[in-house]
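Student: I should like to learn how to read a structural model feature by feature. Could you take me through one, giving the general idea before each case?

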Amino acid sequence: MSSMHLLRAFNGIVWRELLRFLQQRERFFAALVRPLIWLIIFAAGFRAALGISIIPPYQTYITYDVYITPGLLAMIQLFNGMQSSLSMVYDREMGSMRVLLTTPLPRWFLLLSRLFAGVAVSLLQVYAFLLIAYFCGVELPPWGYLAALPALILTGMMFGALGMLLSSTIKQLENFAGVMNFVIFPMFFASSALYPLWKMREGSLWLYYLCLFNPFTYAVELIRFAFYLEVNWQALGVVGGCLAVFLGLSIWAYDPSFGIQQRKAGAAAAA
Amino acid sequence: MQKESPKGEAARTPVLTVRNVSYYYGSKQALDDVSFDVFPGRVTALLGPNGAGKTTLFSLITRLFDAPTGRIEICGRSAADHGALALGPLGVVFQQPTLDLDLTVKQNLRYFAALRGLKRKDADERMMRALDALDMAERIKERVRALNGGHRRRVEIARALLHSPKLLLLDEPTIGLDVPTRTAIVRHIHELARTDNIGVLWATHLFDEVEADDDLLVLSKGRIVARGVAKDVVAETGAGDLGGAFRLLIGGDTEQDIAA
């Protein structure tokens, strides 16, 4: 197989996902409305009640809406990761996943391409949100918008891989909504997205430790630091490690020789 | 016995070889030592009742499942040795519709062409040819959601032919279609096999889709219970027609025994 074949296939998979996303306008608006409600309503209320002291990477006092912006970006990506995996479950149920899996392309390549396609969609949402947030008064360092891009790609991939792993274990489309809520909200709330971890420790020690075990925390911090042209190495390590684990398990799960997909299909056919 | 094609040596080289394939779901055996060949230019009809193992067999050939025992080769290449590359010469029309409803016919076909590594210009030319042959060229800009079942099926067949496959797998492609559409598709596939020298494996539960000169495999309880040219199989059983022969072979009563 030529590298040109792989490139064309990759482009085709990304193009299809973007096309589908742009044609589902409701999904685009829903993806933006959710974090905007947090930013405009929730953050406005908390702006007066909650002061953020100077903590890295911030050099000065910041407003609460600036603080929660990286968390909201991660939330957009987490939702998108789950949405992409929901689309994989849908494709599997509707049969179009078979078209993908019966091409002469390695499974790891197909899954990785789907992952990148999901990240491309999430980046559209993230930068559309940042544009609106800018007009709502959330100003971040100008170079930060560019510097955060690699971090956003990495975090988008981690959430996409997590969704992909979940999709491999879900038998039916209807079950997925429950799983999404079970994953998204605990991950979002038990993290540094809404409050700094030191504040969390003051409030509840066990919650603080829970946040430390939550990969979402590290995704938020990676994005936060990247906006201020800094690298949070610990966050980078955790996000990279989680991405490798989630992706490895997804590839294993979708492999016809070993994966749970085969056992699941077998159980269904035998029934 | 499989009929040897008159087209010479190349025609006698199978495009699909299945040898001693068995498959279990836990302790339940779905396929038992299945062996057969599909030759270029020939339509091989696969008949079998519910639970006979047709879907499992298709899943193994298309590598959706991995074959733990036996060997499956497409144009001489097995998935065990060549991985996904073995699927290169394969075109598939699944029983379940697999088009993206929100995309247009053209977008669906371009997506598939990209997966097969075709250049955009080449893909567009092939797309027009394939759609033209199925009288669907004028619907190219329509969303699939707007098409009826028969037209969607035609698009799926056009898609499966886009990369000029040597082996075409059809898993009950005419299910749910009206008689004229069904007849047109059956005729088109038979013509295609002859003119483009494609080997076709066609799972069906409708006897009238099998021509007398087609190769026939009858699968029952995971085993092949009859094989050969359809008219010869009918003659050997002493039945008056294929339906009668089928009932004798599987020990069933009606055509309703046959299904996906």
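Tutor: The dialogue that follows takes up chain A, the contact of the two chains, and then chain B. Please keep in mind that this is a predicted model.

Student: Let us begin with the overall make-up of a chain. How many helices and strands does chain A have?

Tutor: One starts by listing the elements in order. Chain A has 12 helices and 0 strands, so the run of elements from the N terminus is α-α-α-α-α-α-α-α-α-α-α-α. Of the 271 residues in chain A, 45% are buried. Among the contacts in chain A with a separation of 6 or more, 77% join residues 24 or more positions apart.

Student: How should I read the packing of two helices, for instance H6(A) and H10(A)?

Tutor: One asks for the distance of the axes, the angle, the handedness and the residues that meet. Helix H6 (residues 144–169) and helix H10 (residues 215–227) of chain A have axes that come within 7 Å and cross at roughly 165°. Because angles over 145 degrees count as roughly antiparallel, H6(A) is roughly antiparallel to H10(A). Their crossing is right-handed.

Student: Which residues of H6(A) and H10(A) meet?

Tutor: From H6(A) come Gly144(A), Ala147(A), Ala148(A), Ala151(A), Leu152(A), Leu154(A), Thr155(A) and Met158(A). They meet Pro215(A), Ala219(A), Leu222(A), Ile223(A), Ala226(A) and Phe227(A) of H10(A). By class, this contact has 12 nonpolar, 2 polar and no charged residues. A general point helps in reading such lists: an α-helix has 3.6 residues a turn, so residues three or four places apart point the same way.

Student: How is a contact between chains described, and how many residues does each chain give here?

Tutor: The size of an interface is often given as the accessible area lost when the parts come together. Here the description is by residues: 30 from chain A and 31 from chain B. On the side of chain A that touches chain B, helix H1 (3–23), helix H4 (96–101) and helix H12 (260–270) each supply at least two residues. The largest share, 10 residues, comes from H1(A). The classes on this side of chain A are 15 nonpolar, 11 polar and 4 charged residues.

Student: What does the domain assignment give for chain B?

Tutor: A domain may be assigned to more than one segment of a chain, as the bounds here show: domain 1 of chain B is 1–87 + 193–255, and domain 2 is 90–164. The C-alpha centres of these two domains lie 26 Å apart.

Student: Is there a helix pair in chain B to set beside the one in chain A?

Tutor: The same questions apply. H4(B) (105–115) and helix H6 (residues 149–161) of chain B pack at an angle of about 30°, with their axes 10 Å apart. They are therefore roughly parallel to each other, and their crossing is right-handed. Val105(B), Asn108(B), Leu109(B) and Phe112(B) of H4(B) make the contact with Val155(B), Ala158(B) and Arg159(B) of H6(B). These residues divide into 5 nonpolar, 1 polar and 1 charged.

Student: How do I place a single loop residue such as Leu101(B)?

Tutor: One looks at its element, its neighbours and its contacts. Leu101(B) lies in the loop between strand E6 (90–93) and helix H4 (105–115) of chain B. It counts as partly exposed because it has 14 C-beta neighbours inside 10 Å. Leaving aside residues up to four places away in sequence, Leu101(B) touches Val144(B) and Arg145(B).

Student: Where in chain B is phi positive in a residue other than glycine?

Tutor: One case is Asn20(B), with phi near 50°. Asn20(B) is in strand E1 (residues 16–25) and is exposed, with 12 other C-beta atoms within 10 Å. Another is Lys221(B), with a phi of about 50°, in the loop between strand E9 (215–220) and strand E10 (223–229). Lys221(B) is partly exposed, with 16 other C-beta atoms within 10 Å.

Student: Finally, how many residues of helix H2 of chain B are buried?

Tutor: For burial, one counts along the element. In H2(B) (residues 54–61), 8 of its 8 residues are buried, including Lys54(B), Leu57(B) and Phe58(B). After H2(B) comes Arg63(B), with a positive phi near 70°.

Methods: Residues numbered from 1 in each chain as written. Chains lettered and ligands numbered in written order. Predicted model: local features only at pLDDT ≥ 70, side-chain atom pairs only at ≥ 80, totals over all residues. Contact = placed C-beta atoms within 7 Å. Helix = DSSP H or I, 4+ residues; strand = E, 2+ residues; numbered from the N terminus. Nonpolar A, V, L, I, M, F, W, Y, C, P; charged D, E, K, R; others polar. Axes fitted to C-alpha atoms, helices over the stretch in contact; angles between N-to-C directions. Parallel < 35°, antiparallel > 145°, perpendicular 65-115°, else oblique. Left-handed = near helix turned anticlockwise from the far one by under 90°. Domains from an automatic or database assignment. Buried ≥ 20, exposed ≤ 12 C-beta atoms within 10 Å, placed from the backbone.
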